[in-house]
Amino acid sequence: MTMTLGDFARKHKELFWSTKAYDQLDERVVVEAVLNYGRWETIEELMTLLGIKRVAAVFYEWSRPELRRTNFFPKTALYFSRYFNKYA
C-alpha cells in the first residue's frame, strides 16, 4: 500500500502539532514543516514519497524573493536552494 501525504504527516505528527486533520494538510505545509523542522531522515522520506523534483518545485514556488513573506527560515532557504540546484 502506498503512503499518502496524510499518512506521512500522521507518522511525523511531532511536526504537525497544531492539527489532527493530517489528511487535509496541503502539500506546501508538509514540505515547509519538514524542511524547516525535520531531521534529515524525514526529509529523505518526503523526497522518496513526493520525488525530489516535486519537493524542489514546492520549495521554489514558496521561497521566491518577490514574495513578501516566506515561512522558510533564512538558513533553510539558503541550504535547500543550493541543494536543489545541485540535485533536483
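A polar contact here is a pair of N or O atoms within 3.5 Å; within protein, one must be able to donate a hydrogen and the other to accept it, and residues adjacent in sequence count only if both atoms are side-chain atoms. Helices (H or I, at least four residues) and strands (E, at least two) are DSSP runs numbered from the N terminus. With that in hand, welcome to a predicted model, in which local features need pLDDT of at least 70, side-chain atom pairs count only at pLDDT 80 or more, and totals for chains, interfaces and linings use all residues. Residues are numbered from 1 along each chain as its sequence is written, and side-chain values use heavy atoms, with hydrogens and water left out.

**Helix α2 and its surroundings**

Let's start with α2, which spans residues 27-37. At its N-terminal end, D26 acts as a cap: a side-chain oxygen of D26 lies 3.0 Å from the backbone nitrogen of R28. R28 has a second role to look at, since its charged end sits over the ring of W62, 4.1 Å from the ring centre. For such a placement, NZ of Lys or CZ of Arg must be within 6 Å of the ring centre and within 35 degrees of the ring normal.

Further along α2, V30, V31, E32, A33, V34, L35 and N36 are buried (under 20% relative accessible area; exposed is over 50% and partly exposed in between, with a 1.4 Å probe and protein chains only). Their cover includes α1 (5-11), α3 (40-50), α4 (52-62) and α5 (74-87).

**From the loop into α3**

Between α2 and α3 there is a loop that holds G38. The C-alpha atoms of G38 and L15 are 7.2 Å apart, although 23 residues separate the two along the chain. T42 belongs to helix α3 and is buried, at a relative accessible area of 8%. The table lists contacts (heavy atoms within 4.5 Å), leaving aside neighbours within four places in sequence.

| Residue | In contact with |
|---|---|
| G38 | L15, A33 and I43 |
| T42 | F8, H12, L15 and V34 |

**The aromatic rings**

The structure holds 14 aromatic pairs. Rings of Phe, Tyr and Trp (its six-membered ring) pair if their centres lie within 6.5 Å; planes under 30 degrees apart count as stacked, over 60 as edge-to-face and the rest as tilted. W40 and Y83 make an edge-to-face pair, 5.6 Å centre to centre with 80 degrees between the planes. Because W40 lies in helix α3 and Y83 in helix α5, this pair ties together parts that are 43 residues apart in sequence. W40 is partly exposed at 32% relative accessibility, whereas Y83 is buried at 16%. Both belong to one aromatic cluster, whose members include F59, Y60 and F72.
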